[in-house]
Amino acid sequence: MVILKEAVSKADLKTFIKFPFSLYRDSPYWVPPLISDELNAFDKNTNPAFKNADAWFYLAYKDNKLVGRIVGIINWVEVKQQQIPKVRFGWFDFIDDTAVSEALLNKIAEIGREHQLEFIEGPVGFSNLDKVGVLTEGFTEIGSMVTWYNHPYYADHYTQHGFKKEKGYVENKFPAKNADPALFTRLNDLVKKRYKLKELNFDNTKDILPLADQMFALFNQTYDKLSSFVPISDAQIAYFKKKYISFINPEYIKFIVDSKEQLIAFAIVMPSFSKALQKANGKLFPFGFYHLLKAKKKHRDVHFYLIGIHPDYQNKGVTAIIFNEYYKTFTANKIDMCYRTPELEDNVAIRQMWKHFEPVIHKRRATFKKNIDI
């Protein structure tokens, strides 16, 4: 018999966060989160996502042993303003026992039913800057700090419980040497001259912060046409600035501005922290901070985290400027491999943008959906 317990106290939430540490103890591919970061993300007084969302955290026990966890989320901007009658779920982990996964998913359906919602979809987070999707291919590839890793049996549980694939995502990688400057140097010069654009590069994080609000506003403009997009609020922008900007090498943030110094494009690349996070094993102290700092300074792999281009400048070759700047930075830092975070598999424009670098799909993931029975 599976017994569910709602995680309410800080002690319960720590138990919730630590469950995957035992589930993936022997996996060389799972990348543990920082426990303190997860606690902050789940704290209603810290994470501004809770201003527009409610969340319920559940632990599953069988034979007095912890065997699963799940978060149910209702994003009220999505439900009320966008008229999407959806209850989300995320942070969904479980042993290979369909009774466990069924009990947890049924609890999410119950939450949706209580709030007159029509369907369930997940795994997703609170916003579009959170992790997304269950891994369906690429189980022998190391995870990253911005994605979930899971055992191969997860997707089978979804289908056994009547869920159907809703959105597919791909993750690509390519050697940095594939970024041949002949592909973009000439176009870089033409685009800058035609549209009176210039690049901004940075050496200090403090120089980026004054433009960070513009960057996230541009992120909203870039992606607001996607059906799955929920705009990021001002409070969330402030939260993400504090959470992420200091993590990123300033030379890996590129801005493009027009003749009026208005931001029209940006890109964020992060060093790979995967192995450093594995060594930290969820804790910054005593040695976790050292491993992360070392990875920030000395690394050969990078992750393309975000790219945003103002709608007026899309399909006008602006990416040539971005790639040209990264080519110089990657060459100076002797980068070997470039990884891209999950992208919708039906996003033709993004595929076109990267095609000359001969990327290889090394992971696939998906969200799954099921209607709620009334």
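Which residues form a nonpolar patch on the surface? I looked this up before anything else, keeping in mind that the model is predicted. F285, F289 and L293 make up the patch, and together they offer about 340 Å² of accessible area.

**Entry: around F285**

I stayed with F285 for a while. I found F285 in the loop between helix 9 and helix 10. Buried or exposed, I wondered about F285? It is exposed, at 65% relative accessible area, and the cut-off for that word is over 50%. I then checked the backbone and noted that the peptide bond from F285 to P286 is cis, with omega near 10 degrees. P286 sits in the loop between helix 9 and helix 10.

**Entry: the positive patch**

Next I looked at charge. A patch of positive charge on the surface brings together K275, K279, K294, K297 and K298. Which helices each supply at least two residues of this patch? I got helix 9, running 274-280, and helix 10, running 288-297. I picked out K279 to look at by itself: K279 belongs to helix 9, and K279 is exposed with a relative accessible area of 58%. So my notes on helix 9 and helix 10 cover two things: both helices feed the positive patch, and the loop between them holds F285.

**Entry: the whole chain**

I stepped back to see the overall build. I counted 12 helices and 14 strands in the secondary structure of the protein chain. The C-alpha trace spans about 65 × 45 × 35 Å along its principal axes. Is the chain built like a compact globule, or what does its radius of gyration say? A compact globule of 374 residues would have a radius of gyration near 21 Å, and the protein chain has 21 Å, so the two agree. I also noted that 55% of the 374 residues count as buried.

**Entry: salt bridges**

How many salt bridges does a search of the whole structure find? The search gives 20. I went through a few of them.

I began with R364 and E137, whose side chains meet in a salt bridge at 3.6 Å, N to O. R364 lies in strand 14 (residues 360-371) and E137 in strand 6 (residues 134-137), so this pair ties together parts that are 227 residues apart in sequence. Both ends are partly exposed in my notes: R364 has a relative accessible area of 27%, and E137 has 42%.

Then I looked at K173 and E141, where the closest N and O atoms of the salt bridge are 3.4 Å apart. This pair also links distant parts of the chain, with K173 in strand 7 (residues 164-175) and E141 in the loop between strand 6 and helix 5 (154-160), 32 residues apart. K173 counts as partly exposed at 21% relative accessibility, and E141 counts as partly exposed at 22%. I double-checked the wording here, because buried means under 20%.

My next pair was D213 and K241, a salt bridge with its closest N and O atoms 3.1 Å apart. Here D213 is in helix 7 (residues 205-223) and K241 in helix 8 (residues 234-244), so I logged another link between distant parts of the chain, 28 residues apart. D213 is partly exposed at 42% relative accessibility.

I closed this entry with a group: E78, K86, R88, E121 and K167 are linked in a network of salt bridges.

**Entry: backbone oddities**

I had one cis peptide bond in my notes from F285 to P286. I logged another between G122 and P123, with omega about 0 degrees. P123 lies in the loop between strand 5 (119-122) and strand 6.

Which way does phi go at Q83, positive or negative? I found a positive phi of about 60 degrees, although Q83 is not a glycine. Q83 lies in the loop between helix 3 (76-81) and strand 4 (86-94), and Q83 is exposed at 61% relative accessible area.

K334 went into the notebook too, with a positive phi of about 55 degrees although K334 is not a glycine. I found K334 in the loop between helix 11 (318-333) and strand 12 (337-340). K334 is exposed, with a relative accessible area of 55%.

Note on methods: Residues are numbered from 1 along each chain as its sequence is written. This is a predicted model: local features need pLDDT of at least 70, side-chain atom pairs count only at pLDDT 80 or more; totals for chains, interfaces and linings use all residues. Side-chain values use heavy atoms; hydrogens and water are left out. Patches are made of residues with over 30% relative accessible area and no salt bridge: like charges are joined within 9 Å, nonpolar side chains (Val, Leu, Ile, Met, Phe, Trp, Tyr) within 5 Å. Accessible areas come from the Shrake-Rupley method with a 1.4 Å probe; for residues, only the protein chains shown count as cover. A salt bridge is a side-chain nitrogen of Lys or Arg within 4 Å of a carboxyl oxygen of Asp or Glu. Lys and Arg count as positive and Asp and Glu as negative; His and the chain ends are not counted. The place of a charge is taken as NZ of Lys, CZ of Arg, CG of Asp or CD of Glu. Helices (H or I, at least four residues) and strands (E, at least two) are DSSP runs, numbered from the N terminus. Buried means under 20% relative accessible area, exposed over 50%, partly exposed in between (1.4 Å probe, protein chains only). The radius of gyration is taken over C-alpha atoms; the globule rule is 2.2 Å times the number of residues to the power 0.38.
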